[in-house]
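Thanks for sharing this one. Here are some friendly notes to read alongside the coordinates, as numbered points.

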Amino acid sequence: MEPQLLHSVTDSVATVVIHHPEKRNAMTSAMWAALPPLLGTLAADPQVRALVLTGAGGTFCAGADIGALQDTPEEAQGLAKRAEDALGAFPKPTLAAVRGHCVGGGTQLAAACDLRFAEEGALFGVTPAKLGIVYPASSTRRLVALTGPAAAKYLLFSGELIDSARALRTGLVDEVLPAGELGKRVAEFTRILVGRSQLTQAAAKEFANGRLDRDAHWSEQARGSDDLAEGVAAFLQRRKPHFTWSVPTSG
């Protein structure tokens with residue numbers, strides 16, 4: 001099978017799989033270019049309420065295909081940054097499910113997700129210093145926001161890999177699961193996500209990401225939504241809520 005991004009939608013959860021197992025799921029230029037339009041399609045699907053990004057087999061992503069960097073480094077970096085930005089802007093909750101190596105462009109993609117769950121034994125690294133690459137400013141800021149400046153500098157200056165326990169301590173990872181338990185936990189957690197209010201999630205995502213000009217917008221959305229009334233009624237009636245607000249397909 002050619003290197004590609006596979007995707008499926010089950011029970012309101014979209015799963016995108018990085019599939020290039022012969023090179024530990026390294027991202028080719030075509031794969032980087034394919035990610036933004038794929039995310040656009042999934043974002044516009046009203047059935048999708050959350051997204052999981054993972055890798056085929058026992059590896060998340062070993063980074064960018066180095067051959068592309070040799071031929072057209074600036075173009076390759078631009079493709080990677082556009083893919084990262086598209087993932088960061090996805091309007092619904094995103095979760096990276098990480099097994100094995102998550103290195104270079106793999107960490108760049110995982111960091112662009114809202115949450116990262118990893119299996120014990122996973123290894124993380126940000127490796128531009130090994131290649132003489134200037135890591136994008138926006139990618140650097142995203143890493144600093146997750147780990148703090150000292151841990152981000154350790155990763156960026158050295159290019160060394162860190163294990164899942166250290167990734168958890170630094171904030172790069174949100175949960176670490178025993179071997180064989182990652183899939184079960186991701187399925188369990190995404191079921192929680194799809195049952196919550198998309199209104200709350202969408203507003204919280206923008207605010208947490210630092211957007212400062214949307215207070216009035218979200219107040220208006222809340223006034224026009226039945227989610228609060230439904231949430232209160234469900235609580236009082238001891239039942240699961242059925243929230244109806246959804247992310248507009250126009251963004």
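1. Glu-230 has a relative accessible area of 17% in this predicted model, so with the limit for buried set at under 20%, Glu-230 falls in the buried class. Its salt-bridge partner is Arg-239, with 2.7 Å between the closest N and O atoms. Arg-239 is partly exposed, at a relative accessible area of 34%. The pair therefore joins a buried acid to a partly exposed base.

2. A set of salt bridges with shared partners deserves a look too: Glu-206, Arg-211, Asp-213 and Arg-214 are linked into one network. Within it, Glu-206 reaches Arg-214 with the closest N and O atoms 2.9 Å apart, and the side chains of Glu-206 and Arg-211 also meet, at 3.8 Å from N to O. If you apply the 4 Å limit for a salt bridge, the Arg-211 contact at 3.8 Å still counts. In the model as a whole, the count comes to 11 salt bridges.

3. How buried or exposed are the members of that network? Glu-206 is buried, with a relative accessible area of 17%, and Arg-214 also counts as buried, at 16%. Arg-211, in contrast, is partly exposed at 38%.

4. These residues turn up again at the second largest pocket, which holds about 380 Å³ of space. It is lined by 18 residues, and those closest to its centre are Ala-89, Pro-91, Glu-206, Arg-211 and Arg-214. Helices α9 (198-208) and α10 (215-223) each supply at least two residues of this lining. Sorted by class, the lining of the second largest pocket has 8 nonpolar, 6 polar and 4 charged residues.

5. Now for the largest pocket, with a volume of about 500 Å³. Which of its 25 lining residues are closest to the centre? They are Ala-64, Gly-104, Gly-105, Thr-127 and Leu-131. At least two lining residues come from each of α2 (66-71), α3 (73-88), β5 (101-103) and α4 (105-112), and α3 gives the most, with 3 residues. The lining of the largest pocket is made up of 15 nonpolar, 7 polar and 3 charged residues.

6. Towards the N terminus, please look at the pairing of β1 (residues 4-10) with β2 (residues 13-19): the two strands run antiparallel and are joined by 7 bridges. Thr-10 has Val-13 of β2 as its bridge partner. The strands form a hairpin with 2 residues between them.

7. The backbone in that turn is worth checking. Most residues other than glycine have a negative phi. Asp-11, in the loop between β1 and β2, has a positive phi of about 50 degrees although it is not a glycine. Is Asp-11 buried or exposed? With a relative accessibility of 67%, Asp-11 counts as exposed, because the exposed class covers values over 50%.

8. Arg-24 deserves the same check, since this residue is not a glycine and yet has a positive phi of about 50 degrees. It lies in the loop between β2 and α1 (29-44). Arg-24 has a relative accessible area of 43%, so it is classed as partly exposed.

Terms used:
Residues are numbered from 1 along each chain as its sequence is written. This is a predicted model: local features need pLDDT of at least 70, side-chain atom pairs count only at pLDDT 80 or more; totals for chains, interfaces and linings use all residues. Side-chain values use heavy atoms; hydrogens and water are left out. On a 1 Å grid over the protein atoms alone, a cavity is a set of points where a 1.4 Å probe fits but cannot get out, and a pocket is an open set with protein on both sides within 12 Å along at least five of seven lines; lining residues have an atom within 4 Å of a point. Grid points are joined across faces, edges and corners, and a volume is the space filled by probe spheres set on the points. Helices (H or I, at least four residues) and strands (E, at least two) are DSSP runs, numbered from the N terminus. Ala, Val, Leu, Ile, Met, Phe, Trp, Tyr, Cys and Pro count as nonpolar, Asp, Glu, Lys and Arg as charged, and the others, Gly among them, as polar. Two strands pair if DSSP finds at least two bridges between them. Buried means under 20% relative accessible area, exposed over 50%, partly exposed in between (1.4 Å probe, protein chains only).
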